[in-house]
Amino acid sequence: MEKVICPDCQVEIISSNPMVVGDILECSECGTEVEIISLTPLKYQVLIEEK
Ligand SMILES: [Zn+2]
């Protein structure tokens with residue numbers, strides 16, 4: 001299974017559930033959130049938080 005790597009700190013983000021498109025995963029190290037946009041191939045993008 002392909003891995004989601006945090007673009008910010010390069011730590012692997014582990015999902016407890018099977019990933020689906022639209023999932024939001026949060027890095028346990030830095031809190032960066034990434035959204036799954038495709039599974040095959042695996043693609044994801046960082047969610048930009050508005051403040
Ligand atoms: Zn991170």
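## Contacts of Cys27 and the nonpolar core

Beyond its neighbours within four places in sequence, Cys27 is in contact with Cys6, Asp8, Cys9, Val11, Ile13 and Thr32. These contacts come from a predicted model.

Cys27 also belongs to the largest nonpolar core, a set of six residues. Its other members are Cys6, Ile13, Leu25, Val34 and Tyr44. Cys6 and Ile13 thus appear both among the contacts of Cys27 and in this core.

## Strand pairing

Strand β3 covers residues 24–26. Three bridges join β3 to strand β4, residues 33–38, and the two strands run antiparallel. Together β3 and β4 form a hairpin with six residues between them. Within that turn, Gly31 has a positive phi of about 85°.

On to the next pairing: β4 is joined to strand β5, residues 43–46, by four bridges, again in an antiparallel arrangement. The hairpin from β4 to β5 passes through four residues. Val34, a member of the largest nonpolar core, stands opposite Val46 in β5.

## The setting of Ile24

Ile24 lies in strand β3 and stands opposite Glu35 in β4. Apart from its neighbours within four places in sequence, Ile24 is in contact with Glu33, Glu35 and Leu47. Glu35 is therefore both the residue opposite Ile24 and one of its contacts.

Ile24 is classed as exposed because 11 other C-beta atoms lie within 10 Å, and a residue counts as exposed at 12 or fewer. Ile24 and Cys9 are 15 residues apart in sequence, and their C-alpha atoms are 17 Å apart in space.

Note on methods: Residues numbered from 1 in each chain as written. Predicted model: local features only at pLDDT ≥ 70, side-chain atom pairs only at ≥ 80, totals over all residues. Core = buried A, V, L, I, M, F, W, Y, C linked by C-beta atoms within 7 Å. Buried ≥ 20, exposed ≤ 12 C-beta atoms within 10 Å, placed from the backbone. Contact = placed C-beta atoms within 7 Å. Pairing = 2+ DSSP bridges.
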